[in-house]
Amino acid sequence: MRERSLLVLEFDKIRAQLGALAVTPPGRRFCEALVPSNAIREVERAQALTEEAVVLLSFTGGGLIAPFDECDAAISRAAVGSTLSPRELLNVGSLLRAARSARQAILSHEERAPQIPLLREMAQGLLALRGLEDEIFSAILSEDEIADQASPALASLRRKMRASNERVRERLNGLLHSLGKYLQEPIITIRSGRYVLPVKAENRQSVPGLVHDQSGSGATLFIEPMAVVEINNELREMAAQEREEIERILAALSSAVAVEEGPLLVNAQILGEMDFCFAKGALSRAMGASQPKINEKGKINIKRGRHPLIARESVVPLDLWVGEEFTSLVVTGPNTGGKTVTLKTVGLFTLMMQAGLQLPADLGTELSLFDEVFADIGDEQSIEQSLSTFSSHMTNIVSILSEVTSRSLVLFDELGAGTDPTEGAALAMAILDTLAARKTVTLATTHYSELKAYALTHPGVSNASVEFNVETLRPTYRLSIGVPGRSNAFEISKRLGLSDGIIEKARGWLSGEQIRFEDVISTAEGERQLARRERELAAEARARSQSLLDEVEREREALKNARQKLIQEAREEARRVVRSAQAEAENVIQRLKEADEGERARAAQQARQSLQKGLNELRDQTQEAPPAGKPLGELRVGQSVLIAHLGLEATVLELPDRNGEALLQAGLMKLKQPLSALREPKGTAKTQKGGAQGQRRAVAPRSTVVSLEIDVRGRLPEEALEEVDKYLDDAVLAGLSEVSVVHGKGTGVLRDEIGKLLRRHPHVAEYRLGRFGEGESGVTIIKLK
């Protein structure tokens with residue numbers, strides 16, 4: 001892309017914003033070097049990486065790349081034998097830590113793997129050198145401090161140095177007391193790396209030792225007493241040994257870095273690229289941007305696009321399309337109305353898209369891939385080159401026309417301005433004609449009426465205009481495609497106080513054709529604004545209608561929930577009755593067991609059969625019955641009715657509507673029911689068999705009743721085991737304590753398989769084969785926990 005276009009369209013400011021979001025030096029270099037590409041595969045990959053970064057940032061909130069300082073040069077120096085400083089080694093350690101944490105952070109999100117394949121591929125290329133990382137951070141505490149544990153020799157030296165320091169201080173503290181009268185102050189200090197005492201100059205002979213320094217006035221001499229000279233010498237020697245050991249440690253660490261030069265530089269490169277991707281994702285989130293669709297057909301369709309360099313709260317969204325029905329768009333309207341911003345938005349959006357950046361526009365925005373973006377925007381007058389505004393623009397236009405292709409995007413601001421209006425308009429039309437013939441996508445702003453007429457009469461060219469509110473003398477910045485704009489010079493002048501007489505004289509200089517043309521534009525603009533207001537009113541009406549529909553839906557859902565609640569209550573009542581009957585049956589069986597064995601078995605079996613019959617009858621009673629009772633004749637407001645399928649009494653509020661549904665009040669609930677569902681309320685209150693006298697029973701859908709036995713004869717073992725397993729679950733939930741499995745005698749295979757299941761089944765307390773009268777070996781009796 002032309003560097004001039006990048007500057008004119010302010011792409012450099014986007015790069016600066018992007019660079020500020022990067023956290024590593026390699027990442028910032030990627031941001032600073034960002035340029036649009038015209039290769040479709042590169043652009044699609046860059047857009048995909050940005051989208052993956054947005055997804056991951058939305059999920060994690062950020063912090064995926066740990067910051068680290070520049071260390072490429074240090075790694076290269078280590079590779080040729082140089083010893084790195086502690087600061088440089090710490091930078092290498094930070095690089096290693098960033099690589100390890102980034103790899104772990106990205107690859108750990110298994111659930112997001114399908115959404116971030118490219119970032120995962122990059123993360124897999126990072127090499128975690130945990131050994132070297134730990135070596136560096138355990139040996140170097142800061143750029144000024146090497147840890148004692150960096151080597152055994154260093155640890156030993158420092159122990160000896162601490163011991164010698166203590167000995168020196170002990171001796172000097174003793175001298176402070178004995179020589180106190182000769183000292184300027186009773187303190188121990190250091191000069192030239194040796195411990196000394198501040199002695200009064202006149203007492204020099206009273207304190208034997210070596211003079212290392214004196215005060216500025218000469219009144220104080222800093223003397224190293226002879227009693228500590230030997231220990232100080234030892235300390236100096238050990239300090240030199242310490243420096244040598246530290247140099248050796250740094251050299252060893254530098255050698256370890258040199259061995260891993262390749263992986264370290266690869267890590268830095270990958271981390272820089274990942275940092276660059278996350279910077280693009282962060283910029284997208286800050287702008288409220290979305291991923292655009294990409295085509296290679298010259299089609300542009302921007303939906304509510306916002307110029308990224310204008311404050312979000314003040315920018316007016318742009319809707320613009322070009323490249324299908326027409327390839328050239330002539331934008332007209334008053335000054336400061338937003339024409340130039342429109343051009344810059346289209347141009348900058350194209351550059352951002354081709355650079356892999358998302359756009360601050362709504363989903364569905366689509367842009368074309370162009371081989372070049374040409375922009376002639378702004379006053380380019382050059383005093384140094386003796387070029388007027390017109391000459392400067394024309395020089396640039398000549399250059400554009402010599403390079404433009406059918407796959408280029410061309411942006412002209414005030415095309416043909418700066419010279420005689422008639423000739424300027426003619427030149428502008430000729431330039432647009434040339435570009436339209438080449439099918440080059442072109443946007444041009446102008447004030448010339450001739451270009452408005454040209455756009456109306458030439459295929460492949462369309463008008464567009466920016467709105468202006470004459471009442472407030474302010475532009476609205478809305479772009480309208482298909483309608484040319486007015487300059488509004490007379491209206492603006494009148495509002496600013498120019499006399500009507502002068503304005504009328506000015507109108508007199510216009511030709512009849514010009515007046516008619518402006519009147520047509522004015523009428524069209526008025527009708528368009530009226531249509532827009534009507535669309536807004538229609539949208540409000542639709543929103544209100546939707547709100548009402550939502551309210552109706554909520555009421556319908558509430559009614560549905562109330563009905564479900566009634567049905568659930570009926571089911572619970574049925575279950576209670578079933579459990580009561582089952583408990584009674586168990587008591588009967590227990591009493592029978594105390595009788596004679598033969599009689600007991602026959603009686604137990606008869607009791608089970610009788611109980612099963614009773615349960616079946618109860619189950620039939622809980623099935624949803626058809627509406628019962630006497631059908632209604634004439635219906636009247638205030639009449640009491642029975643809603644048969646719900647078992648509810650209600651009062652009629654409104655007679656049936658055209659759908660045949662009457663509005664009823666049942667307690668606190670209002671509902672509509674068809675006339676066919678209503679019955680006379682008399683005689684609908686019944687008592688349940690086995691229930692409380694006079695209790696109303698709400699009829700509910702069929703309730704599940706668990707049998708006391710299951711018959712699996714003739715089943716394959718796999719089928720039988722599955723059925724028995726499910727049956728035991730149901731039996732436990734139903735509160736049964738003893739059940740039977742009828743498997744038949746046969747070869748005994750099915751009986752053995754069921755026995756294996758029961759031995760390990762969590763619901764089974766114990767089991768046995770049936771006795772005489774119970775089915776013997778063809779039945780297994782199970783006692784449940």
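**Ser-192**

I looked up Ser-192 and found it exposed, with a relative accessible area of 54%. The model is predicted, and I read every entry here with that in mind. Ser-192 sits in the loop between strand S3 (189–191) and strand S4 (194–200). I checked its backbone and noted a phi near 55°, a positive value in a residue other than glycine.

**Glu-414**

I then turned to Glu-414, where phi is near 55° and thus positive in a residue other than glycine. Glu-414 belongs to the loop between strand S13 (408–412) and helix H14 (421–437). Is Glu-414 buried, partly exposed or exposed? I have it as partly exposed, because its relative accessibility is 23% and the partly exposed class runs between 20% and 50%.

**Ala-444**

I picked Ala-444 in strand S14 (residues 441–446). Its relative accessibility is 0%, so I entered Ala-444 as buried. Which residues does Ala-444 touch once its neighbours within four places in sequence are left aside? I listed Leu-329, Val-330, Val-331, Leu-343, Phe-412, Leu-415 and Leu-432. I also took a C-alpha to C-alpha distance from Ala-444 to Ile-377: the two are 67 residues apart in sequence and 9.8 Å apart in space.

**Whole chain**

I went to the totals next. The protein chain has 21 helices and 25 strands. Of its 785 residues, 42% are buried. The exposed area of the chain comes to about 40900 Å², and carbon and sulfur atoms supply 51% of that area. I also looked at contacts between residues at least 6 apart in sequence; 67% of these join residues at least 24 apart.

**H2 and H3**

I compared the axes of helix H2 (residues 11–21) and H3, which come within 8 Å and cross at roughly 170°. H2 and H3 are therefore roughly antiparallel to each other, since an angle over 145 degrees counts as such. On the H2 side the contact is made by Arg-15, Leu-18 and Gly-19, and on the H3 side by Arg-28, Cys-31 and Glu-32. Sorted by class, I have 2 nonpolar, 1 polar and 3 charged residues in the contact of H2 with H3.

**H3 and H11**

I stayed with helix H3 (residues 25–32) and looked up helix H11 (residues 261–287); their axes come within 7 Å and cross at roughly 60°. H3 and H11 are therefore oblique to each other. H3 passes H11 in a right-handed crossing. Which residues of H3 and H11 meet? From H3 I wrote down Pro-26, Gly-27, Phe-30 and Cys-31. From H11 I wrote down Ala-268, Gln-269, Gly-272, Glu-273, Asp-275, Phe-276 and Ala-279. The residues of the contact of H3 with H11 divide by class into 6 nonpolar, 3 polar and 2 charged. I note that Cys-31 of H3 is listed in the contact with H11 and is also listed in the contact with H2.

**H9 and H10**

I then took helix H9 (residues 152–178) and helix H10 (residues 226–259), whose axes come within 9 Å and cross at roughly 160°. That angle makes H9 roughly antiparallel to H10. The crossing of H9 past H10 is left-handed. By class I have 14 nonpolar, 4 polar and 7 charged residues in the contact of H9 with H10.

**Glu-230**

Within helix H10 I looked up Glu-230. Glu-230 counts as exposed, because its relative accessibility is 53% and the cut-off for exposed is over 50%. I took the separation of its C-alpha atom from that of Val-168 as 9.6 Å, with the two positions 62 residues apart along the chain counted as their spacing.

**Lys-785**

My last residue was Lys-785, found in the segment after strand S25 (779–784). Is Lys-785 buried or exposed? I entered Lys-785 as exposed, with a relative accessible area of 67%. Leaving aside its neighbours within four places in sequence, I found Lys-785 in contact with Pro-762, His-763, Val-764 and Ala-765. Lys-785 and Leu-736 are 49 residues apart in sequence, and their C-alpha atoms are 9.3 Å apart in space.

Methods
Residues numbered from 1 in each chain as written. Predicted model: local features only at pLDDT ≥ 70, side-chain atom pairs only at ≥ 80, totals over all residues. Heavy atoms only, no water. Axes fitted to C-alpha atoms, helices over the stretch in contact; angles between N-to-C directions. Helix = DSSP H or I, 4+ residues; strand = E, 2+ residues; numbered from the N terminus. Parallel < 35°, antiparallel > 145°, perpendicular 65-115°, else oblique. Left-handed = near helix turned anticlockwise from the far one by under 90°. Contact = heavy atoms within 4.5 Å. Nonpolar A, V, L, I, M, F, W, Y, C, P; charged D, E, K, R; others polar. Buried < 20%, exposed > 50% of the residue type's maximum accessible area, 1.4 Å probe, protein only. Areas by Shrake-Rupley, 256 points an atom, 1.4 Å probe, with all protein chains shown as cover.
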